[in-house]
Amino acid sequence: MPKQHDQRPLTFKLAKWYGFILAIVFLLYGVVKVILGILDRSYHDMGQPIVFGLIGLVLIIIAYAYRDLKTWGWYGLIGINCLVVLLAVLRLSHYENILLLALSGLALYCLFSPMTRQHLFKR
């Protein structure tokens, strides 16, 4: 069976993949920190990695909802990227935050682009 051509606009795809990548980074960071804490037998500082893992799971759910053209997934990605931009602006002294600011700004541009909104809300 031949593969169907994906009719989604490029801006939609970029925002979708950035959402998945951000979710996987949060999830991996949380899971690896929990595993390393268990291996080191230092259980006193497990709260933050568990929260990061839960945030990663929530972000994956939001990214899947956006991929499946759910409007709440679009709103969720907008909220997450706005929060990342706000936190990055407050801590501009680190180069990682400048990179996150630029990537989340690009993702917000892709989310608000007319092509993405038309594809998402045409139904």
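Me: Is F20 buried or exposed?

Reply: Glad you start there. This is a predicted model, where local features need pLDDT of at least 70, side-chain atom pairs count only at pLDDT 80 or more, and totals for chains, interfaces and linings use all residues. Residues are numbered from 1 along each chain as its sequence is written, and side-chain values use heavy atoms, with hydrogens and water left out. The cut-offs are under 20% relative accessible area for buried, over 50% for exposed and in between for partly exposed (1.4 Å probe, protein chains only), and with 10% F20 is buried.

Me: What kind of aromatic pair do W17 and F20 make?

Reply: Rings of Phe, Tyr and Trp (its six-membered ring) pair if their centres lie within 6.5 Å; planes under 30 degrees apart are stacked, over 60 edge-to-face, and the rest tilted. The structure holds eight such pairs. Here the centres are 5.8 Å apart and the planes at 50°, so the pair is tilted.

Me: Which helix holds both W17 and F20?

Reply: Helices are DSSP runs (H or I, at least four residues; strands are E, at least two), numbered from the N terminus. The two residues are three apart, about one turn of the helix, and both lie in α1.

Me: How are the ring planes of W74 and Y75 arranged?

Reply: Their centres are 5.0 Å apart, with 65° between the planes. W74 is buried at 6% relative accessible area, whereas Y75 at 52% counts as exposed. Both belong to one aromatic cluster with F112 and F121. The W74 and Y75 pair is edge-to-face.

Me: Which element gives the largest share of the largest nonpolar core?

Reply: A nonpolar core is a set of buried Ala, Val, Leu, Ile, Met, Phe, Trp, Tyr and Cys residues joined through side-chain atoms within 4.5 Å. The largest has 13 residues, with Y66, W74 and L111 making the most contacts inside it. Two or more residues each come from α1 (10-40), α2 (47-67), α3 (71-90) and α4 (95-112). The largest share, four residues, comes from α3.

Me: How many residues does the other core, with A23 among them, have?

Reply: This core lies apart from the largest one. Its members include A23, L59, I60 and A107, and its residues number seven.

Me: Which residue has a positive phi although it is not a glycine?

Reply: Most residues other than glycine have a negative phi. The exception here has a phi of about 65°; this residue is L69. Located in the loop between α2 and α3, and buried at 15% relative accessible area, is L69.
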